[in-house]
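Trainee: Could we go through this structure together? I would like to begin with its charged side chains.

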Amino acid sequence: MTSVTLDKTPDRYTIEAVGHAERSVQACAAVSVLMYSILGYLSNAEGVDIKDWDTADGFFSLEWSGGGAAHVMYDFGKIAFLQLEKSYGEYVAVKIKK
């Protein structure tokens with residue numbers, strides 16, 4: 001099971017994915033693709049400051065701040081991971097703190 005947690009405060013956004021969707025290659029790959037895509041977009045977006053990112057086997061965390069592009073990517077991540085949970089709920093669980 002992969003647990004994805006999204007959080008935002010007035011000055012930062014975070015997404016963290018922990019664990020493997022071991023019995024679903026598709027769900028595991030989808031989590032990785034989403035995390036790396038969000039990181040790639042944020043790395044190239046104007047006005048975005050990536051505060052921290054870390055990856056290891058079964059773990060990926062990303063923290064950033066900024067204006068419009070930063071907010072759009074948080075909303076994109078939220079929608080994308082909720083859709084993934086809807087399709088692969090036995091392998092991906094999403095928690096949204098705010």
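Mentor: In this predicted model, Lys51 and Asp49 form a salt bridge, with their closest N and O atoms 2.8 Å apart.

Trainee: Is Lys51 buried or exposed?

Mentor: Lys51 counts as partly exposed, at 46% relative accessibility. Asp49 is also partly exposed, with a relative accessible area of 36%.

Trainee: How many salt bridges does the structure hold?

Mentor: There are two. Glu90 pairs with Arg23, and the closest N and O atoms are 3.3 Å apart.

Trainee: What does the pair of Glu90 and Arg23 tie together?

Mentor: Glu90 sits in the loop between helix 2 and strand 5, while Arg23 sits in the loop between strand 2 and helix 1, so the pair links parts that are 67 residues apart in sequence. Glu90 is exposed, at 54% relative accessible area, and Arg23 is exposed at 66%.

Trainee: Turning to helix 2, which of its residues are buried?

Mentor: They are Ala69, Ala70, Met73, Tyr74, Gly77, Ala80, Phe81 and Leu84. Seen down the helix axis, these buried residues fall within an arc of 140 degrees, so they line one face of helix 2.

Trainee: Why would spaced residues share a face?

Mentor: An α-helix has 3.6 residues a turn, so residues three or four places apart point the same way.

Trainee: Which residues are exposed on the other side of helix 2?

Mentor: Gly68, Ile79 and Lys86 are exposed there.

Trainee: And what covers the buried residues of helix 2?

Mentor: The cover includes helix 1 together with strands 1, 2, 3, 4 and 5.

Notes. Residues are numbered from 1 along each chain as its sequence is written. This is a predicted model: local features need pLDDT of at least 70, side-chain atom pairs count only at pLDDT 80 or more; totals for chains, interfaces and linings use all residues. Side-chain values use heavy atoms; hydrogens and water are left out. A salt bridge is a side-chain nitrogen of Lys or Arg within 4 Å of a carboxyl oxygen of Asp or Glu. Helices (H or I, at least four residues) and strands (E, at least two) are DSSP runs, numbered from the N terminus. Buried means under 20% relative accessible area, exposed over 50%, partly exposed in between (1.4 Å probe, protein chains only). The arc is that of the directions from the helix axis to the C-beta atoms. Contact means heavy atoms within 4.5 Å.
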